[in-house]
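The following exercises are to be worked with the sequence and the three-dimensional model at hand. Each task is followed by a solution in steps.

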Amino acid sequence: MRNLIILGAAAAAGLGYWVFTRSAPETGATAGQAAVLMPELAGELVAGQRGFAAKCASCHGEVLTGVEAKGPPLLHPYYEPGHHGDEAFVRAVRQGARAHHWSFGDMDPVEGLTDADIAAITGYVRAVQKANGIF
């Protein structure tokens, strides 16, 4: 019975990963990446998208899917609000972040962003996460 439970859990995890990485309409995905659903953007979310493109996308990917050998995907359950709240994003931008979930190395602080910029970028990240079922 125990082996069946373990096997079932492993199968469910594998199916969950497959669904997460394979489902969604083609929007902003590149070869080998999952398609990403993009929410309708207006107001602060547009500003957040622009800020993300300027300051974050080079490591975290244009559509939050990460960049190989540079930075992790923010479109991942590790970064949902209950695990890494908005304040964690603020601290990462202001102080940098030590590598702890991934092997990309530490994140340096990001220069040139105001509190309003960080709030807009975080709002954009959360909107994309929500559109993709992260929370």
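**Exercise 1. Disulfides**

Determine how many disulfides the predicted model contains, and explain the result for C56 and C59.

*Solution.* The cut-off is the starting point: a disulfide requires a pair of cysteine sulfur atoms within 2.5 Å. Next, take C56: its closest cysteine sulfur belongs to C59 and lies 8.9 Å away, so the pair is too far apart for a bond. Starting from C59 leads back to C56, again at 8.9 Å and too far for a bond. The count is therefore zero disulfides.

**Exercise 2. Burial of the two cysteines**

Classify C56 and C59 as buried, partly exposed or exposed.

*Solution.* Two limits are needed: buried means under 20% relative accessible area, and exposed means over 50%. C56 has a relative accessible area of 12%, so C56 is buried. C59 has a relative accessibility of 28%, which means that C59 is partly exposed.

**Exercise 3. Fold and surface**

Describe the secondary structure of the protein, and then its burial, contacts and surface.

*Solution.* First, list the elements: the protein has five helices and zero strands. Along the sequence this reads α-α-α-α-α. Second, consider burial: of the 135 residues, 31% are buried. Third, consider the contacts with a separation of 6 or more: 52% of them join residues 24 or more positions apart. Finally, the accessible surface is about 8400 Å², and carbon and sulfur atoms account for 58% of this area.

**Exercise 4. The surroundings of T122**

Locate T122 in the secondary structure, and state whether T122 is buried or exposed.

*Solution.* T122 belongs to helix α5, which covers residues 115–131. Its relative accessibility is 6%, so T122 counts as buried. When neighbours within four places in sequence are set aside, T122 contacts D86 and F89. Both partners can be placed by number in α4, which spans 86–95.

**Exercise 5. The largest pocket**

Give the volume of the largest pocket and analyse its lining.

*Solution.* The largest pocket holds about 770 Å³ of space. Its lining comprises 37 residues, and H60, L74, A92, A97 and M107 are the closest to its centre. By element, α2 (44–55), α3 (57–60), α4 (86–95) and α5 each contribute at least two residues to the lining. The greatest contribution comes from α4, with six residues. By chemical class, the lining consists of 21 nonpolar, ten polar and six charged residues.

Conventions. Residues numbered from 1 in each chain as written. Predicted model: local features only at pLDDT ≥ 70, side-chain atom pairs only at ≥ 80, totals over all residues. Heavy atoms only, no water. Helix = DSSP H or I, 4+ residues; strand = E, 2+ residues; numbered from the N terminus. Buried < 20%, exposed > 50% of the residue type's maximum accessible area, 1.4 Å probe, protein only. Contact = heavy atoms within 4.5 Å. Areas by Shrake-Rupley, 256 points an atom, 1.4 Å probe, with all protein chains shown as cover. 1 Å grid on protein atoms, 1.4 Å probe; cavity = no way out; pocket = protein on both sides within 12 Å on 5 of 7 lines; lining within 4 Å. Points joined across faces, edges and corners; volume = space filled by probe spheres on them. Nonpolar A, V, L, I, M, F, W, Y, C, P; charged D, E, K, R; others polar.
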